[in-house]
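I set aside this session to look up contacts, charge pairs, the ligand site and some backbone oddities. My entries follow in the order in which I made them.

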Amino acid sequence: MATGLPSEYISAEQITARVKEMGQAVSDDHADATELTVVCVLNGAFIFTADLVRQITVPCRLEFIRASSYGLLRSSSGMVTLNHDLDLEARRVLLVEDIIDTGLTLSRILDELQRLRPASLKICTLLDKPSARKIPVEADYTGFTIPDLFVVGYGLDSAGLYRELPFIAIPDP
Ligand code: PRP
């Protein structure tokens, strides 16, 4: 029976455990760094980033970039606008995304960030949907690989709703 509520797909406990592991991996890989610039992709990655940085043992400098696809579609429109005031020259950088779907957003962000000449640039995503890819981009750290499903929660929205859910869910059709 349809309840109108999203049904849980990845639990809060699973997310917590995986985020801890990812924070450990990022910390290990940057153990020689004096600081790490963590760039959170708004809006969707704000909750993941907040939890992830609390599991990273290297001192973090938090920065933000806003990326948005036009429209309220359930998949990327391909037209991505970026807004930021980042200065990443010679910095060790970790880009944090909530999900890589077609790869269009990440590809556009990577082009932009590479122009800012960071010392290193790693990509971290909570979710990856490789079967939806239109541009071949890959993360260095992936929380969960999922099939081509539309998911919400833990920062991800459906027309602006459900970002506050503490778990990843599949919305009622
Ligand atoms: C979502 C998500 C990623 C992007 C992934 O952002 O946060 O940034 O789409 O899709 P892609 O790989 O097909 O480009 P969205 O543009 O919906 O904005 P939001 O983060 O504000 O929800």
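**Entry 1: Ser27.** For contacts I count heavy atoms within 4.5 Å. The model is predicted, and I read every entry below with that in mind. With that cut-off, and leaving out residues up to four places away in sequence, I find Ser27 touching Gln55, Ile56, Thr57 and Val58. I place Ser27 in helix 1. Is Ser27 buried or exposed? Its relative accessibility is 4%, and buried means under 20%, so I enter Ser27 as buried. I also looked up the distance from Ser27 to Gly155: the C-alpha atoms are 23 Å apart in space, and the two residues are 128 apart in sequence.

**Entry 2: salt bridges.** I asked how many salt bridges the structure holds. The count is twelve. As background, side chains of opposite charge can pair when their charged atoms come close. I went through three of the pairs.

The side chains of Glu35 and Arg91 form a salt bridge, with 3.0 Å from N to O. What does this pair tie together? Glu35 sits in the loop between helix 1 (12–29) and strand 2 (36–42), and Arg91 sits in the loop between strand 4 (80–83) and strand 5 (92–100), so the bridge links parts that are 56 residues apart in sequence. I list Glu35 as partly exposed at 26% relative accessibility. Arg91 is also partly exposed, at 27%.

Next I took Arg108 and Glu112, whose side chains form a salt bridge at 3.9 Å, N to O. Both residues are in helix 3 (residues 104–114), and they are four residues apart, so about one helical turn separates them. Arg108 is partly exposed at 35% relative accessibility. Glu112 comes out at 16% and counts as buried.

Glu112 has a further salt bridge, to the side chain of Arg115, at 3.0 Å from N to O. Arg115 has 59% relative accessibility and counts as exposed. While on shared partners, I noted that salt bridges join Glu35, Arg61 and Arg91 into one network.

**Entry 3: the ligand.** I then turned to the ligand. Which residues come nearest to the ligand? There are 18 residues around the ligand, and Glu97, Asp98, Thr102, Gly103 and Thr105 come nearest.

I looked up three polar pairs. A side-chain N or O atom of Asp98 is 2.6 Å from an oxygen atom of the ligand. For Gly44 the atom is a backbone N or O, 2.9 Å from a ligand oxygen. Asn43 also uses a backbone N or O atom, at 3.2 Å from a ligand oxygen. How much of the ligand does the protein bury? Taken alone the ligand exposes 500 Å², and the protein buries 86% of that.

I sorted the shell by element. Strand 3 (60–69), strand 5 and helix 3 are the elements that give two or more residues to the shell around the ligand. Strand 5 supplies the largest share, four residues. By class I find five nonpolar, eight polar and five charged residues in the shell.

**Entry 4: backbone oddities.** Asn43, entered above for its backbone contact with the ligand, came up again here. Which residue is joined to Asn43 by a cis peptide bond? The partner is Leu42, and omega is about 5 degrees. I place Asn43 in the loop between strand 2 and helix 2 (46–53).

I also looked at positive phi angles. Tyr154 has a positive phi of about 50 degrees although it is not a glycine. Tyr154 lies in the loop between strand 7 (141–145) and strand 8 (168–170). At 5% relative accessibility I enter Tyr154 as buried.

Ala159 likewise is not a glycine and has a positive phi of about 50 degrees. I find Ala159 in the loop between strand 7 and strand 8. Is Ala159 buried or exposed? Its relative accessible area is 55%, and exposed means over 50%, so I enter Ala159 as exposed.

Methods:
Residues are numbered from 1 along each chain as its sequence is written. This is a predicted model: local features need pLDDT of at least 70, side-chain atom pairs count only at pLDDT 80 or more; totals for chains, interfaces and linings use all residues. Side-chain values use heavy atoms; hydrogens and water are left out. A salt bridge is a side-chain nitrogen of Lys or Arg within 4 Å of a carboxyl oxygen of Asp or Glu. Buried means under 20% relative accessible area, exposed over 50%, partly exposed in between (1.4 Å probe, protein chains only). A residue is near a molecule or strand if one of its heavy atoms lies within 4 Å of it. A polar contact is a pair of N or O atoms within 3.5 Å; within protein, one must be able to donate a hydrogen and the other to accept it, and residues adjacent in sequence count only if both atoms are side-chain atoms. Accessible areas come from the Shrake-Rupley method with a 1.4 Å probe; for residues, only the protein chains shown count as cover. Ala, Val, Leu, Ile, Met, Phe, Trp, Tyr, Cys and Pro count as nonpolar, Asp, Glu, Lys and Arg as charged, and the others, Gly among them, as polar.
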